[in-house]
Every structure is written in C-alpha cells, then in structure tokens.
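Here's a quick tour for anyone meeting this structure for the first time. Have a look at the picture, then read on.

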Amino acid sequence: MRIGILGSGLMGAKLGTIWARAGHDVVFSYSRSDAKLKKLARDAKGKARAGTPREAAQDADAVLLAVHWSRVDDVLQQAGDLAGKVIVSCSLPMNADDTGLVIAHTSSGAEALAKKVPKARVVAAFGTVPSEVLFGVFAARRKTTKPSLVYCGDDARSKKTVAQLIRDVGFEPIDAGPLPVARYTEPFTLLIARLAYEGDGGPELAYRFVRF
Ligand SMILES: NC(=O)c1ccc[n+]([C@@H]2O[C@H](COP(=O)([O-])OP(=O)(O)OC[C@H]3O[C@@H](n4cnc5c(N)ncnc54)[C@H](OP(=O)(O)O)[C@@H]3O)[C@@H](O)[C@H]2O)c1
C-alpha cells in the first residue's frame with residue numbers, strides 16, 4: 001500500500017517506520033524539521049521518503065492522521081483534497097496541556113474529524129496504545145498470541161484496509177463497530193495512558209481481550 005503520514009512525531013514516525021519495514025510505500029510529512037523527515041525516511045530502510053502533507057496524501061491508499069488535536073485543521077488544510085481517501089486517525093481530542101478530552105460523551109474526536117472531511121472515510125485506530133509499545137509489538141508479530149487493537153469506522157472497505165495495517169504492526173484487529181464507538185475508545189485511552197505512564201511497569205503496554 002501507499003501510506004501518507006500526516007504528523008511524524010511519536011506515533012507517526014513509529015507507525016510509518018513499521019509500515020515501511022512491512023513492505024509498504026510510505027511518505028513522512030508534517031514535522032517542523034525537514035531534516036527529521038528525511039532521516040526518518042532513511043532510517044525506515046524500506047520504500048520511504050519525506051514529503052509535504054499534500055505529497056503524502058496524493059495517491060495514498062491510506063493516510064495516517066497523527067497530530068495534536070490543535071493541529072488537525074492546519075494539517076488537513078495542507079494535505080488538500082482528501083475526498084475518497086481512507087484516513088486512519090490515532091489523534092485524540094485532547095486539550096492544550098493533554099490533561100483531558102475536549103470532545104466526549106455525545107461525540108468523539110473521530111466523529112468531529114469526519115465532519116471536517118465529509119468525503120473522506122475515517123477509521124479510528126491505534127489511538128488506544130502508547131507509542132512506546134509499537135516496536136515491541138512489531139518485533140513479536142510472528143507470535144501466536146497477539147495484543148488486541150480496537151478500531152471503528154463506518155465504511156466496510158476502508159475498515160478492511162485498516163485491519164490489514166493493524167495486522168502488519170502485529171496486533172489482532174478488533175472491529176468495535178461504527179465511528180461513534182470512538183466515544184468509548186477515546187476515553188478508554190486515558191485509562192491505558194494512566195497505566196502506561198503512571199503505573200510501575202513502564203509505558204510499553206498493550207491490551208488483549210479474552211473470551212471464556
Ligand atoms: N504519543 C502517544 O503515545 C499517543 C498514543 C495514542 C494517541 N496519541 C495521539 O496521537 C496524536 C499524535 O501524537 P504524538 O504523540 O505522535 O504527537 P507528537 O509527537 O507531538 O507529533 C506530532 C507531529 O506534528 C508535528 N507538527 C507540525 N507542526 C507542528 C506545530 N506547529 N506544533 C506541534 N506539532 C507540529 C510535529 O512536528 P515535530 O516533528 O517537529 O515535533 C510532529 O511530527 C495526538 O492526537 C495524540 O493525542 C498519541
């Protein structure tokens with residue numbers, strides 16, 4: 001797949017690197033440092049390059065939106081026309097100091113994003129795990145017991161694309177339902193963050209749902 005990374009910080013840099021190593025064609029974009037984007041592309045050691053948000057979105061089978069909530073409008077504007085594109089969003093609607101959600105209960109960041117780009121196909125995924133765990137999950141991807149990763153969205157075909165990207169990282173994709181389910185997954189992330197960053201075990205934390 002051709003994947004555009006909009007926001008090459010903790011999440012975007014790691015997911016883009018993993019997807020490049022998994023064989024996808026990746027364009028890293030939207031950093032304040034072009035040198036950083038170029039280095040990411042070099043270090044990814046796959047088919048990766050640095051570009052502008054517009055170049056990242058062009059011809060992309062999927063774009064990853066991985067910016068702070070306060071930067072969403074800016075990056076979308078720079079990306080240009082996203083009609084028909086699959087947007088995988090890990091972006092959470094956090095306030096400026098990252099202490100709370102600015103959208104919750106009656107809507108979600110994912111739904112607010114879908115309203116901003118009504119012709120795109122938004123799938124919420126990857127926002128429920130800390131970036132610190134991603135390389136570890138990728139390294140363990142051939143093990144039979146995999147961590148879960150919930151995702152939600154309204155378009156079946158886009159969700160299939162995203163489920164594959166989730167598998168490529170090493171998670172078992174869990175289809176949680178339509179996009180409004182992000183009203184539950186987004187606050188769930190604050191629990192995961194609490195355990196990852198305030199707990200004793202370190203931030204390399206994933207979760208797994210088990211049925212008996
Ligand atoms: N970090 C996590 O573990 C985690 C987990 C789940 C969900 N999330 C969500 O995922 C999204 C991305 O998080 P992240 O931790 O990857 O963020 P981040 O590390 O801050 O990365 C954001 C990216 O946006 C870029 N950017 C471009 N212009 C910017 C500007 N004017 N101000 C600030 N940043 C600018 C940053 O540039 P530079 O490269 O120059 O910094 C960086 O590449 C957020 O919505 C967050 O809530 C994060």
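Let's start with the ligand: 21 residues surround it, and the closest are Met11, Ser31, Arg32, Lys36 and Val67. Keep in mind that what you're looking at is a predicted model.

What kinds of residues make up the shell around the ligand, by class? There are 10 nonpolar residues, eight polar ones and three charged ones. As for where the ligand sits, that's the largest pocket.

Some polar contacts involve oxygen atoms of the ligand. Here they are, side by side:

| Residue | Partner of the ligand oxygen | Distance |
|---|---|---|
| Leu10 | polar backbone atom | 2.9 Å |
| Ser31 | N or O atom in the side chain | 2.8 Å |
| Leu92 | polar backbone atom | 3.1 Å |

Ser31, then, offers a side-chain atom and is also listed among the closest residues to the ligand. For Leu10, the atom in question belongs to the backbone, and that goes for Leu92 too. How much of the ligand gets covered by the protein? Taken alone, the ligand exposes 880 Å², and the protein buries 78% of that.

Now for the aromatic rings. The count comes to three aromatic pairs. One of them joins Trp19 and Phe126: their ring centres are 5.5 Å apart and their planes meet at 75°, which is over 60 degrees, so this pair counts as edge-to-face. The two partners come from distant parts of the chain, 107 residues apart. Trp19 belongs to helix H1 (residues 10-21), while Phe126 lies in the loop between strand S6 (121-125) and helix H6 (134-139).

Key. Residues numbered from 1 in each chain as written. Predicted model: local features only at pLDDT ≥ 70, side-chain atom pairs only at ≥ 80, totals over all residues. Heavy atoms only, no water. Near = heavy atom within 4 Å. Polar contact = N/O pair within 3.5 Å; in protein donor to acceptor, adjacent residues only side chain to side chain. Areas by Shrake-Rupley, 256 points an atom, 1.4 Å probe, with all protein chains shown as cover. 1 Å grid on protein atoms, 1.4 Å probe; cavity = no way out; pocket = protein on both sides within 12 Å on 5 of 7 lines; lining within 4 Å. Sits in = over half its atoms within 2 Å of the grid points. Nonpolar A, V, L, I, M, F, W, Y, C, P; charged D, E, K, R; others polar. Phe/Tyr/Trp six-rings, centres within 6.5 Å; stacked < 30°, edge-to-face > 60°. Helix = DSSP H or I, 4+ residues; strand = E, 2+ residues; numbered from the N terminus.
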